[in-house]
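I opened this entry to look up how the strands pair, how enclosed they are, and what lines the pocket.

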Amino acid sequence: MTTSSSGLSATKMNAPWGLFYDQPTGKLFVAEFSNRRVLIYNGIPTTNGAAADVVVGQSNFTTNTTTFGASGLSSSTDVAVINGKLYVSDWGGRRVLIWNSVPTTNGATADLVIGQQDLTSGFADQGGIPTSRTLDRPHALLYDGQRLFISDRGNSRILIYNSLPTANNHSADIVIGQANFSSQNGNQTGSTTVPGANTLYFNHNLAIVK
């Protein structure tokens, strides 16, 4: 409880950002930004310094390389399990990766991607202007039992998907914070000092309060 050194192993972390507990399986997930990975604990730790059981985004617990492939991550920010599938927000890869089942082995390959046309690309807004299919530095993920929400920080907007993706490059249905899908200015004007009731600027987290 009195140490704060970062590290690269199954028992250490560097800038953990996202946290998720999957009640059906009892597994704990940690999105670790600076080590470019997600740690999976098969149960809630009961002792200090507990080791993770599985790592996603890296081939082992002692590497933290940046890749844009189907098994790599670049600066992961959030994680969620939705209907048994693992979703990971990949900030640096400008995408959200989806595994059709929760990985049980290190370096497992993702099955789908949101925000890019394929699993090997990592360009902001796919190298052009924003659309309903693109992302730029996605941060938080949220699912309300029907719709998927992604906080798209780089585009100062929140995207809402009325259905969960079943193929790469899935299109969002609604945008919050911008007048349309092709706009990206903070506060819709680029100004940090003139917010409106319908604008966002570098948004991060998401929540639904009932």
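I looked up the sheet first and found 4 strands forming an open sheet in the order 5-6-7-8, with antiparallel pairing; strands here are DSSP runs of E of at least two residues, numbered from the N terminus, and two strands pair if DSSP finds at least two bridges between them. Its edge strands are strand 5 and strand 8 (112–114), each of which pairs on one side only. From one strand to the next the twist averages 20 degrees, taken between N-to-C directions of lines fitted to C-alpha atoms, on a scale from 0 to 180 degrees.

I noted that the model is predicted, so that local features need pLDDT of at least 70 and side-chain atom pairs pLDDT 80 or more, while totals for chains, interfaces and linings use all residues. Residues are numbered from 1 along each chain as its sequence is written, and side-chain values use heavy atoms, without hydrogens and water.

I then checked strand 5 (residues 76–82): 7 of its 7 residues are buried (under 20% relative accessible area, 1.4 Å probe, protein chains only), so this strand is largely enclosed by the rest of the structure. Strand 5 is joined to strand 6 (residues 85–90) by 6 bridges, in antiparallel fashion, and I recorded Tyr-87 in strand 6 as the bridge partner of Ala-80. Their hairpin has 2 residues between the strands, and Asn-83 takes a positive phi near 50 degrees there.

At the other end I found 3 bridges pairing strand 7 (residues 95–99) with strand 8 in the antiparallel sense, with Ile-114 of strand 8 as the bridge partner of Val-96.

Definitions and conventions:
Buried < 20%, exposed > 50% of the residue type's maximum accessible area, 1.4 Å probe, protein only.
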